[in-house]
Amino acid sequence: MRLTVDIAMFIRRLRFDVWLFYLSKMKSEVIVRLSPRDASDELFYKPFVAKEMKVTPEKITFMKVVKRSIDARKQPVIVQLHVLAYANVQPPKQEKAHSFLYPDVTNAREVVVVGAGPGGYFAALRLIELGFKPIVLERGKEVSARKIDLALINRNVSLNPESNYAFGEGGAGTFSDGKLYTRSTKRGDFNKVLEVFHFHGANEDILIDAHPHIGTDCLPGVIRKMRESILSAGGVVLFNTCMTDVLIEDNHVKGVVTSSGDKITGEAVILATGHSAHDVYYLLHKKAITLEAKTWAMGVRVEHPQDLIDEIQYHSEEGRGEYLPAASYNMTCQVADRGVYSFCMCPGGFIVPAMTGPNQMVVNGMSPSKRDSPFANSGIVVEIRPEDLGEYQNMGVLAGLEYQKELERLAFINGGRGLVAPAQSLADFVDGRLSSDLPDCSYVPGMVASPMHFWLPEGIGERLRLGFEQFDKKARGFVTNEAVVLGVESRTSSPVRIPRDRASFQHVQIQGLFPCGEGAGYAGGIASSAIDGERCAEKVYELLTGKQLIEDERFA
């Protein structure tokens, strides 16, 4: 009798073990590290996935790459894939891409959003999700009309101070690359941002790649669809509408005044004006609304042949070959107690003029989605703290803006006036000599040889020189006269912060005023600005309803 019971228990356990084994073969997320060629096509990487699952390739019924990254720290370069795979079962129904249903808020309570960059548009969409009607004001033009003004800038014909690479629908990021990388630890927020971009037309690759990138050629169409979502839900977007004043009563914000004299009221105001809207800081300062000086960075933009960066980063004289993308880099070091680092690195990209007014010379970088330009460029910038500003410190909280303005004026004077940029070969810059010849460059308005090592402020120029020497030790061949330095990269972020309460996100002095994104000093790029826009919208909801969002609602 005992033997019969033991046999029965053994059979049940065996069946359970078999069931567990079979279940384990049904679904698995495996990690495979492959050559670039093997990672390039399902036909190539399927056998490796099958091996990890301990099944034959023909047993796999469904595969999907959910994350992709490149490890180029040494040879050979490895591509790591996270693959969701099913085996021994019929493939599951493929999940539909995440969709967003924006309710009709035509008659809902109104909130003013100043700025149609990523902070402003993501705030507007989140307000709609939460049942509020956003009134979005943008000083520049809608994205299609903005392209015409950019074409005039690139031909060195004219600069529209309200429609350029910094101002207009989509903000500074629309025509300066479209990188979505962020160091934010709020992964739920970040994934939501990617899903919103994908829902509005961005390629599915942004949901997979470790460093997602939409591309400056594709992002305008995505931005346009985001605007259409706002309008179709009953929100309002007003272009060519610059905020010139803030309406405040008893330390409560009531709305804003526009350049045409119109008063636009709302129950709250989200201020997402971007880091180049200097007039906003001067306005707030004039109204005795509290501002703070903050650390930021300025420097130059450096451009190399993309082939050279490929050779350096992929450790191969053959460069990237057939299966790898244009290589990028991330450089950082300390020089005289200040950070020197690369910023907004654009593989396969172009350098563009990013000034917003007369007597300024500012450059920035961008990459199209294919990253197929023969050039690679990056800002190389030096950390600047308020105590570094010397005589400018007498100007108080706006000292950084004045220092930034002076550097841009110096670059304008030492360039070719207009939009022609001052330039120097990189090795000549490091060695302290004027360049007799400049290499080819992607900057369309043109360059003029200039002794940038001489006229840049010592706190910037000397730190850059020593920083470049350190970078060349890490990446041999980086300092070369095949590379060119253009000036100046001055709009990495704002030297001013509009302070807000850590819990409520409202300005420390004005109730209902929500400083947001890069211009307020709380973000550093498209993704982090979008995240901050969503958070500000949620804080508006909490203020106006008296309710706290629970976690499931927060990331819905």
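The legends below describe close-up views of a predicted model.

**View 1. Helix 4 and helix 6 cross each other.**
Two packed helices are described by the angle between their axes and the distance between the axes. Here helix 4 covers residues 143–154 and helix 6 covers residues 219–232. Their axes come within 10 Å and cross at roughly 145°. On the helix 4 side, the residues that meet helix 6 are Val 143, Ser 144 and Lys 147. Pro 220, Arg 224 and Arg 227 are their counterparts in helix 6. Sorted by class, this contact has 2 nonpolar, 1 polar and 3 charged residues.

**View 2. Helix 6 and the residue Gly 234.**
The 14 residues of helix 6 should span 20 Å at 1.5 Å a residue, and the end C-alpha atoms are 20 Å apart, in agreement with that value. Buried in this helix are Leu 219, Pro 220, Val 222, Ile 223, Met 226, Arg 227, Ser 229 and Ile 230. Of these, Pro 220 and Arg 227 also take part in the contact with helix 4. Just after the helix, Gly 234 has a positive phi of about 105°.

**View 3. The largest nonpolar core, with Leu 81.**
In soluble globular proteins, nonpolar side chains tend to be buried together. The largest nonpolar core of this model has 81 residues. Val 49, Leu 81, Tyr 443, Leu 456, Leu 464, Phe 468 and Phe 478 have the most contacts inside it. Setting aside residues up to four places away in sequence, Leu 81 touches Val 30, Ile 31, Val 32, Leu 34, Ala 39, Tyr 45, Val 65, Lys 67 and Arg 68. A second, separate core has 48 residues, including Phe 514, Ile 526, Ala 527 and Ala 537.

**View 4. Helix 12 and what covers its buried residues.**
Helix 12 runs over residues 458–474. For its 17 residues, a span of 24 Å is expected at 1.5 Å a residue, and the end C-alpha atoms are 24 Å apart. The buried residues here are Ile 460, Gly 461, Arg 463, Leu 464, Gly 467, Phe 468, Phe 471 and Asp 472. Leu 464 and Phe 468 are also among the residues with the most contacts inside the largest nonpolar core. The cover over the buried residues of helix 12 includes strand 12 (296–305), strand 13 (332–335), strand 14 (338–346) and strand 17 (375–384). It also includes helix 9 (399–414) and helix 10 (426–431).

**View 5. Helix 9 and its buried residues.**
Helix 9 has 16 residues. From its first C-alpha to its last, helix 9 reaches 23 Å, close to the 22 Å expected at 1.5 Å a residue. Ala 399, Gly 400, Leu 401, Tyr 403, Gln 404, Leu 407, Glu 408, Ala 411 and Phe 412 are buried in this helix.

**View 6. Cysteines without disulfides.**
A disulfide is a covalent bond between the sulfur atoms of two cysteines. A search of the whole structure finds 0 of them. For Cys 218, the nearest cysteine sulfur is that of Cys 346, 15 Å away. Cys 218 is partly exposed, with a relative accessible area of 36%. The sulfur of Cys 441 also has Cys 346 as its closest cysteine partner, but at 13 Å the two are too far apart for a bond. Cys 441 counts as buried, at 18% relative accessibility.

**View 7. Two buried serines in strands.**
Ser 425 lies in strand 18, residues 421–425. Its relative accessibility is 1%, so Ser 425 counts as buried. Beyond its neighbours within four places in sequence, Ser 425 is in contact with Ser 435, Asp 437, Leu 438, Pro 439, Asn 481, Ala 483 and Val 484. Ser 435 is 10 residues away along the chain, and the C-alpha atoms of this pair are separated by 6.0 Å. Ser 342 belongs to strand 14 and is buried, with a relative accessible area of 10%. With the same sequence neighbours left aside, Ser 342 is in contact with Tyr 329, Asn 330, Met 331, Ser 378, Gly 379 and Ile 380.

**View 8. The surroundings of Lys 539 and Gly 168.**
Lys 539 is part of helix 14, residues 526–545. At 17% relative accessibility, Lys 539 counts as buried because the cut-off is under 20%. Apart from residues up to four places away in sequence, Lys 539 touches Ala 503, Ser 504, Phe 505 and Phe 514. Gly 168 sits in the loop between helix 4 and helix 5 (187–199). Gly 168 is buried too, with a relative accessible area of 2%. Leaving out residues up to four places away in sequence, Gly 168 touches Glu 138, Gly 140, Lys 141, Arg 146 and Glu 162.

Key
Residues are numbered from 1 along each chain as its sequence is written. This is a predicted model: local features need pLDDT of at least 70, side-chain atom pairs count only at pLDDT 80 or more; totals for chains, interfaces and linings use all residues. Side-chain values use heavy atoms; hydrogens and water are left out. Axes are lines fitted to C-alpha atoms, for helices over the stretch in contact, and angles run from 0 to 180 degrees between N-to-C directions. Helices (H or I, at least four residues) and strands (E, at least two) are DSSP runs, numbered from the N terminus. Contact means heavy atoms within 4.5 Å. Ala, Val, Leu, Ile, Met, Phe, Trp, Tyr, Cys and Pro count as nonpolar, Asp, Glu, Lys and Arg as charged, and the others, Gly among them, as polar. A nonpolar core is a set of buried Ala, Val, Leu, Ile, Met, Phe, Trp, Tyr and Cys residues joined through side-chain atoms within 4.5 Å. Buried means under 20% relative accessible area, exposed over 50%, partly exposed in between (1.4 Å probe, protein chains only). A disulfide is a pair of cysteine sulfur atoms within 2.5 Å. The expected span of a helix is 1.5 Å times one less than its number of residues.
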